[in-house]
Structures are given as C-alpha cells and as structure tokens.
Amino acid sequence: MAQAERFSEHATTVHSVLSGAVLAAISVIFAISYAAMVFTGPLAEFRDLGIVFSLFGCVTLALMAGVSGSTVGGWWASQGVVVVIVSVGAGNLVVGLPDATPEILFATVATFMAASTLVAGVGMY
C-alpha cells in the first residue's frame, strides 16, 4: 500500500510540473503577442521593451497566483480583452500627442499600462 501511495504522489508531482510548464509556455506566447499588439505604429521601435514589460507582468502574475493560492477559473491568466482596451487607450494617447518624441510616447504608454494594471489589481483585490 505504501508503494502505491508513493507512486501516486510522484505522479501528481510530475503532472503538476508538466502542467505548469505548458501553462508557462502559453503565457509567454500570449505575453509576447499582447505586447506586439500594443506597441505598433510609432511605438514599434519600443516593441522589445514592451515585450520585457509584458513578460515581467506575466512572471508577477504567476508569483501572485502562487502566493495567494489556487483559484478555479481564468483569473490568473493574461486576459486578451484587457489588451484590446489598453491598445485602444494607448492608441488614443499616441494620437493625442502628435508633437511628442517617440521616447515621450513610450513613457506615456508605459505609465498608462502600469497605472491601469495597478488600478485593476486593486479593484480585483
């Protein structure tokens, strides 16, 4: 009986690790895709930084999920609908600042993204 329990525990651990690896790979793909959606047009030269910010957010999200415990559902995954809203907001910011340098546009959009993320996080908490 003890051998069967050990095998079951080992199988559960392997299952959890493999599931986590698959979800991590999917999250990285989504994070890169979402950054590519936001950082287009005049912000295209900053796409690499946008991807770094997006991956940082992905890691932060995973750490928060691990610290706060497991939740059934999709709350601990990047949400595509939110990216559409942020993309529209970023586009409006870029259009609203026609004389701004690309660096100022990037700083404005990055600040907008950080502020909207914090507000959403506080609202969800």
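In the predicted model, Phe 106 is buried, with a relative accessible area of 11%. This residue lies in helix H4, which spans residues 102–124, and its surroundings serve here as the starting point for a description of the aromatic and nonpolar contacts of the chain. When residues up to four places away in sequence are left aside, Phe 106 touches Phe 39, Leu 43, Phe 46, Leu 49 and Phe 53.

A search of the whole structure returns 4 aromatic pairs. In one of them, Phe 46 and Phe 106 are stacked, with 4.8 Å from centre to centre and an angle of 25° between the planes. This pair links distant parts of the chain, since Phe 46 belongs to the loop between helix H1 (2–38) and helix H2 (47–68), whereas Phe 106 belongs to helix H4, 60 residues apart. Both partners, Phe 46 and Phe 106, are buried. A further stacked pair is formed by Phe 53 and Phe 106, whose ring centres are 5.9 Å apart and whose planes enclose an angle of 15°. Here too distant parts of the chain are linked, with Phe 53 in helix H2 and Phe 106 in helix H4, 53 residues apart. The two members of this second pair fall into separate accessibility classes, because buried requires a relative accessible area under 20%: Phe 53 has a value of 41% and is therefore partly exposed, while Phe 106, at 11%, is buried. Taken together, Phe 39, Phe 46, Phe 53 and Phe 106 form one aromatic cluster.

Within this cluster, Phe 46 is the residue found in the loop between H1 and H2, and with a relative accessibility of 12% it counts as buried. Its contacts, again without residues up to four places away in sequence, are with Phe 39, Pro 102, Glu 103 and Phe 106. Phe 46 and Ala 36 are separated by 10 residues in sequence and by 9.8 Å in space, as given by their C-alpha atoms.

The largest nonpolar core comprises 13 residues, of which Val 38, Phe 39, Leu 43, Val 94, Phe 106 and Val 109 touch the most other members. The elements that contribute two or more residues to this core are H1, helix H3 (80–96) and H4. Phe 39 and Phe 106 thus appear both in the aromatic cluster and among the core residues that touch the most other members. In soluble globular proteins, nonpolar side chains tend to be buried together.

Nonpolar side chains also occur at the surface, where Val 22, Leu 23, Ile 26, Ile 29 and Phe 30 form a patch with about 470 Å² of accessible area together. Phe 30, a residue of helix H1, counts as partly exposed at 40% relative accessibility.

At the level of the whole chain, the model contains 4 helices and 0 strands, and the order of elements along the sequence is α-α-α-α. Of its 125 residues, 17% count as buried. The protein chain exposes about 8800 Å², and carbon and sulfur atoms supply 74% of this area. Among contacts with a separation of 6 or more, 58% are accounted for by residues 24 or more positions apart; the stacked pairs of Phe 106 with Phe 46, 60 residues apart, and with Phe 53, 53 residues apart, link distant parts of the chain.

Key
Residues numbered from 1 in each chain as written. Predicted model: local features only at pLDDT ≥ 70, side-chain atom pairs only at ≥ 80, totals over all residues. Heavy atoms only, no water. Phe/Tyr/Trp six-rings, centres within 6.5 Å; stacked < 30°, edge-to-face > 60°. Buried < 20%, exposed > 50% of the residue type's maximum accessible area, 1.4 Å probe, protein only. Contact = heavy atoms within 4.5 Å. Core = buried A, V, L, I, M, F, W, Y, C linked by side-chain atoms within 4.5 Å. Areas by Shrake-Rupley, 256 points an atom, 1.4 Å probe, with all protein chains shown as cover. Patch = residues over 30% accessible without salt bridge, like charges linked within 9 Å, V, L, I, M, F, W, Y side chains within 5 Å. Salt bridge = Lys/Arg side-chain N within 4 Å of Asp/Glu carboxyl O.
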